[in-house]
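Got your viewer open? Follow along stop by stop, selecting as you go.

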Amino acid sequence: MDLTPIWLTLKLAGITTFVLLAIGLPVARWLSRGRSFFKIIIEAIITMPLVLPPSVLGFYLLMAFSPRQGVGKWLHDVFDIQFVFSFQGLVLASVIYSMPFMIGPIKSALQQLPVSLSEASASLGKTRWQTFIHVLLPNIKPSLLTAMVLTFAHTLGEFGVVLMIGGNIPGVTRVASIAVYDSVEQMDYHTANVYSLILFSVTFALVIAVFVFNKYNAKSPLT
Amino acid sequence: MITVAIGHKLNAYNGQQLLRIRQDFPEGSITRISGPSGAGKTTFLKIIAGFIRPDKGTIIANGITWLDTDAHISVPPEKRLAGFVFQGYALFPNMTVQQHLEYATSDPAWINRLLKMGKLETFTGQKPAYLSGGQQQRLAILRALATRPKLLLMDEPFSALDQPMRTELIHELKLLFKELGTTVLIVSHYPQELEGLSGQDLVIG
């Protein structure tokens with residue numbers, strides 16, 4: 001039994017969650033403050049993966065990062081980076097595809113915090129950064145955890161996008177969801193069942209952990 | 001001396017109304033601010049603190065221009081360092097009583113003195129959710145004092161305190177304001193609860 005697709009999936013989900021946390025926190029903070037037409041456009045772009053068929057997103061990423069043209073060719077020629085059919089391509093696609101799952105809950109939680117908390121912190125001479133780190137972030141911990149788990153779990157289940165940009169290269173881009181599909185195609189239901197069961201168990205354990213952490217009554221991962 | 005001359009449109013239930021205030025607040029003075037609900041008392045304090053930018057006006061604090069709308073000058077709240085006691089307390093749910101004060105100052109002796117004054121010495125490890133309304137309000141006052149502010153803005157600061165506690169706290173605060181040379185602006189619906197804090201009165205609306 002080859003467990004490489006499972007490890008590859010967990011590695012992809014971990015890296016994606018970490019990268020999205022770094023990107024998502026400042027973006028969510030920016031989006032949570034005030035409204036403007038520009039912010040609406042950015043928010044719509046971030047939300048698009050929720051409604052767009054994964055294959056469509058994957059197709060555009062494939063076109064955009066093809067080493068034969070445009071940005072992909074430039075990245076390949078100048079930096080020797082290739083996103084198509086590579087693990088870094090999977091990370092890029094996953095970051096874009098799971099972005100609304102990280103940014104959405106954090107943005108909502110920040111918007112629900114009373115403005116007076118930031119004002120009180122500022123009146124004590126604290127900068128916006130200090131306020132964000134010491135006051136805002138600790139008070140949205142449940143939502144932060146929800147966002148991280150949702151991002152991780154959503155990345156575990158990706159199929160269309162990763163197949164389009166990564167293909168099915170064993171040990172490189174063949175993640176668990178693709179391995180399940182591949183096994184079923186080859187009528188190897190036992191292997192498909194093992195991969196599926198592991199994915200199901202990991203995801204279920206994560207969701208249970210969030211409920212326990214949030215003491216049953218805080219934020220459901222579904223809200 | 002703090003000199004304020006501002007004009008700001010307020011959205012009231014009966015349409016827009018203009019908040020227009022021109023007032024000097026001498027250094028170390030106490031000003032009691034009263035007026036009907038919705039007249040703009042809280043907005044006025046927030047404009048001075050820098051949380052709200054008025055449509056027009058100037059604020060000059062001890063010779064430093066905090067606000068000049070014509071010159072596009074607006075010093076941010078963290079630079080104005082005006083102590084602020086919020087009507088809803090605005091305590092940080094993640095911090096204990098001790099941590100609230102440590103967040104504002106790194107002077108342990110000063111923290112101990114404030115805790116004693118607010119009678120919160122035995123609650124240092126408690127978070128706001130586990131404090132009574134009166135204790136929360138006292139913590140809000142202590143936190144605002146922790147930075148030793150030269151200007152203190154208090155919005156209904158004694159509303160949750162019983163009479164004996166209020167009288168005792170006001171007595172202690174008076175001594176502290178004198179010691180620190182703090183200029184104080186206090187908004188209250190019930191001026192009688194500010195008995196003992198003598199100073200000038202400002203009626204808004």
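Begin with chain B and pick out its five-stranded open sheet, ordered E2-E1-E4-E5-E6 with antiparallel pairing. Strands here are DSSP E runs of at least two residues, helices are H or I runs of at least four, and both are numbered from the N terminus. Two strands count as paired if DSSP finds at least two bridges between them.

Before going further, a word on what you're looking at: this is a predicted model, where local features need pLDDT of at least 70 and side-chain atom pairs count only at pLDDT 80 or more, while totals for chains, interfaces and linings use all residues. Residues are numbered from 1 along each chain as its sequence is written, and chains are lettered from A and ligands numbered from 1 in the order in which they are written.

**Across the sheet in chain B**

Select residues 15-25 and 73-74 of chain B. These are strands E2 and E6, the edges of the sheet; each has a single partner strand, so one side of each has no neighbour in the sheet.

Now add E1, residues 2-12 of chain B: E1(B) pairs with E2(B) through eleven antiparallel bridges. Zoom in on Ala12(B) and you'll find Gly15(B) of E2(B) opposite.

Next, show helix H1 of chain B, residues 41-49. H1 packs on the sheet and touches E1, E2 and strand E4 (56-61) of chain B, with its direction at about 130 degrees to that of E1(B). (Contact means that C-beta atoms, placed from the backbone, lie within 7 Å. The angle is between N-to-C directions, on a scale from 0 to 180 degrees, using axes fitted to C-alpha atoms, for helices over the stretch in contact.)

Move on to E5, residues 64-68 of chain B, which runs antiparallel to E4(B) and is joined to it by four bridges. Thr58(B) has Asp68(B) of E5(B) as its bridge partner. The turn of this hairpin has two residues between the strands, and Asn62(B) there has a positive phi of about 50 degrees.

Asp68(B) is worth keeping selected, as it is also bridged to Ile73(B) in E6(B). E5(B) and E6(B) pair antiparallel over two bridges. Their hairpin has four residues between the strands, and His72(B) takes a positive phi near 55 degrees. Most residues other than glycine have a negative phi.

One more such residue in chain B: Lys119(B), with phi near 55 degrees. Look for Lys119(B) in the loop between helix H4 (108-117) and helix H5 (133-145) of chain B.

**Zoom out on chain B**

How many helices and strands does chain B have? Six helices and ten strands. Its C-alpha trace spans about 50 × 30 × 30 Å along the principal axes. Of its 205 residues, 38% are buried, where buried means 20 or more other C-beta atoms within 10 Å of a residue's own, exposed means 12 or fewer, and partly exposed is in between, with C-beta atoms placed from the backbone.

**Where the chains meet**

Show both chains: 15 residues of chain A are in contact with 17 residues of chain B. On the chain A side, helices H6 (115-123) and H7 (128-136) each supply at least two residues. H6(A) gives the largest share, six residues.

**Into the core**

Nonpolar side chains tend to be buried together in soluble globular proteins. The largest nonpolar core here has 102 residues, and among those with the most contacts inside it are Ala93(A), Ile165(A) and Ile48(B). (A nonpolar core is a set of buried Ala, Val, Leu, Ile, Met, Phe, Trp, Tyr and Cys residues joined through C-beta atoms within 7 Å.) Helix H5 of chain A, residues 87-112, gives the most to this core, with 13 residues.

Select Ile165(A). Beyond four places in sequence, its contacts include Leu61(A), Phe83(A) and Ala93(A).

**Last stops in chain A**

Val175(A) sits in the loop between helix H9 (160-166) and helix H10 (176-185) of chain A. Buried or exposed? Val175(A) is buried, because it has 32 C-beta neighbours inside 10 Å. Its contacts beyond four places in sequence include Pro5(A), Leu8(A) and Val162(A).

For contrast, go to Met187(A), in the loop between H10 and helix H11 (189-213) of chain A. Met187(A) is exposed, with 7 other C-beta atoms within 10 Å, and its phi is positive, near 65 degrees.

Finish at helix H4 of chain A, residues 70-79: one of its ten residues is buried, so H4(A) lies largely in the open. Asp80(A) follows H4(A), with a positive phi near 60 degrees.

Note on methods:
Contact = placed C-beta atoms within 7 Å.
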